[in-house]
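Hello,

Here is the structure I promised to pass on. Please open it beside this email, and my notes follow below.

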Amino acid sequence: MPTLDSIALDLPRKIVIKQFGRTYAAIVSPISEPLWLKYFDGLISTAERVGKEVVQRIDATSAGIELVDSVAQFVEGYEADPPLGHRLAVANVLTSAFVPDQDMQGFGQIPLVAIWSANEGGSMRRHKDLIHTFKEPTAEQNRRYRRDDSRSQIVGGSRKGMTVYHGAQRALAGLYDELIVSVEGYVVNGVPLEGSEAIARHMDTYHKVAAAMQLFAPVLIDVEEED
């Protein structure tokens with residue numbers, strides 16, 4: 001049965017911002033996978049040698065603003081275009097899904113935590129009971145992920161150039177669809193989302209990537225220090 005903590009994937013979400021005693025709100029309809037993939041393609045991760053150091057930078061701001069401008073309708077509290085800070089706040093909500101720092105539920109079960117939409121009282125809520133259960137990736141699927149995750153190019157020459165890294169989000173979204181078995185904490189048409197085909201069709205792509213990425217993360221070994 002759906003609970004109050006369930007995320008309704010098929011309904012628009014209301015993102016509320018409270019600042020200086022005023023309330024602002026934006027409405028965001030379900031975001032299509034092509035729009036999410038465009039966002040991921042716009043993320044810029046670079047490494048550049050500056051003197052003797054290698055400086056790494058990640059820029060998600062531009063891609064986030066572009067996504068918000070494509071999907072958000074600012075409906076409350078605005079007399080003009082929404083300020084940059086509010087657009088960034090909406091982007092941060094849209095990309096808020098993460099794996100908490102805790103033990104997994106079981107082998108192949110990935111928990112997510114995410115902010116999704118305001119409740120009836122206008123407060124933003126954090127959902128903590130989102131579970132994605134997967135099949136074990138095959139060796140070929142693992143190779144596919146590693147190949148995409150290691151893609152990079154040097155811009156400006158090999159000696160002083162900048163290395164631009166291309167993420168594996170597209171591969172992860174596809175691998176999610178191939179490996180997902182079941183989910184908890186999501187509903188469509190008011191009923192729990194069930195069946196791998198329905199999950200692949202309706203699941204938010206950012207949640208797909210956040211969950212699938214954990215499948216390919218190395219397992220940390222608990223090492224006891226000697227006295």
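Strand 1 and strand 12 run parallel to each other, paired over two bridges. Isoleucine 7 has tyrosine 186 of strand 12 as its bridge partner. Please bear in mind that this is a predicted model.

These two strands belong to an open sheet of three strands, ordered 1-12-13, with mixed pairing. Strand 1 (7-8) and strand 13 are the edges. Each has a single partner strand, so one side of each lacks a neighbour in the sheet.

Tyrosine 186 is worth a stop. Outside the four places on either side in sequence, tyrosine 186 touches Ile7, Leu9, Leu112, Leu130, His132, Val191, Pro192, Leu193, Met203 and His207. Tyr186 also stands out in the largest nonpolar core, which has 52 residues. Val90, Leu94, Tyr176, Tyr186 and Leu193 are the members that touch the most others there. Helix 7 gives this core its largest share, six residues. As background, nonpolar side chains in soluble globular proteins tend to be buried together.

Some overall figures. The protein has seven helices and 13 strands. Of its 227 residues, 41% are buried. Take the contacts with a separation of 6 or more: 58% of them join residues 24 or more positions apart.

Next, the aromatic rings. The count is nine aromatic pairs. In one, phenylalanine 134 and tyrosine 176 have ring centres 5.3 Å apart and planes at 85°; the angle is over 60 degrees, so the pair is edge-to-face. This pair links distant parts of the chain. Phenylalanine 134 is in strand 8 (residues 124-134) and tyrosine 176 in helix 5 (residues 169-179), with their positions 42 residues apart in the numbering. Both residues are buried. Elsewhere, ring pairs join Trp36, Tyr39, Phe40 and Tyr206 into a cluster.

What sits over the ring of tryptophan 116? The charged end of arginine 13 does, 3.5 Å from the ring centre.

Arginine 13 and tryptophan 116 come up again with aspartate 204. Leaving out residues up to four places away in sequence, aspartate 204 touches Leu9, Arg13, Trp36 and Trp116. Aspartate 204 lies in the loop between helix 6 (196-202) and helix 7 (205-215). Is aspartate 204 buried or exposed? Its relative accessibility is 5%, so aspartate 204 counts as buried. Its side chain also reaches the backbone nitrogen of tyrosine 206, at 3.1 Å. Tyr206 belongs to the ring cluster mentioned above, as does Trp36.

Now the hairpin. Strand 2 and strand 3 pair antiparallel over seven bridges. Isoleucine 17 has tyrosine 24 of strand 3 as its bridge partner. Two residues lie between the strands of this hairpin, where phenylalanine 20 takes a positive phi near 55°. Phenylalanine 20 is in the loop between strand 2 (13-19) and strand 3 (22-28). Its relative accessible area is 78%, so phenylalanine 20 is exposed.

A positive phi merits a look: most residues other than glycine have a negative one. Asparagine 189 is another non-glycine residue with a positive phi, near 55°. Its place is the loop between strand 12 (186-188) and strand 13 (191-192). That puts us back at the three-stranded sheet, ordered 1-12-13. At 66% relative accessibility, asparagine 189 counts as exposed.

One last site: leucine 35, in helix 1 (residues 33-42). Its relative accessible area is 29%, which means leucine 35 is partly exposed. Residues up to four places away in sequence aside, leucine 35 touches Leu67, Ser70 and Val71. Leucine 35 and glutamate 66 are 31 residues apart in sequence, with 9.9 Å from C-alpha to C-alpha.

If you want a place to begin, try tyrosine 186. It is the bridge partner of isoleucine 7, and one of the core members with the most contacts to other members. Then go to aspartate 204, which is buried and touches Arg13 and Trp116, among others.

Best wishes

Key
Residues are numbered from 1 along each chain as its sequence is written. This is a predicted model: local features need pLDDT of at least 70, side-chain atom pairs count only at pLDDT 80 or more; totals for chains, interfaces and linings use all residues. Side-chain values use heavy atoms; hydrogens and water are left out. Rings of Phe, Tyr and Trp (its six-membered ring) pair if their centres lie within 6.5 Å; planes under 30 degrees apart count as stacked, over 60 as edge-to-face and the rest as tilted. Helices (H or I, at least four residues) and strands (E, at least two) are DSSP runs, numbered from the N terminus. Buried means under 20% relative accessible area, exposed over 50%, partly exposed in between (1.4 Å probe, protein chains only). A charge sits over a ring if NZ of Lys or CZ of Arg is within 6 Å of the ring centre and within 35 degrees of the ring normal. A polar contact is a pair of N or O atoms within 3.5 Å; within protein, one must be able to donate a hydrogen and the other to accept it, and residues adjacent in sequence count only if both atoms are side-chain atoms. Contact means heavy atoms within 4.5 Å. A nonpolar core is a set of buried Ala, Val, Leu, Ile, Met, Phe, Trp, Tyr and Cys residues joined through side-chain atoms within 4.5 Å. Two strands pair if DSSP finds at least two bridges between them.
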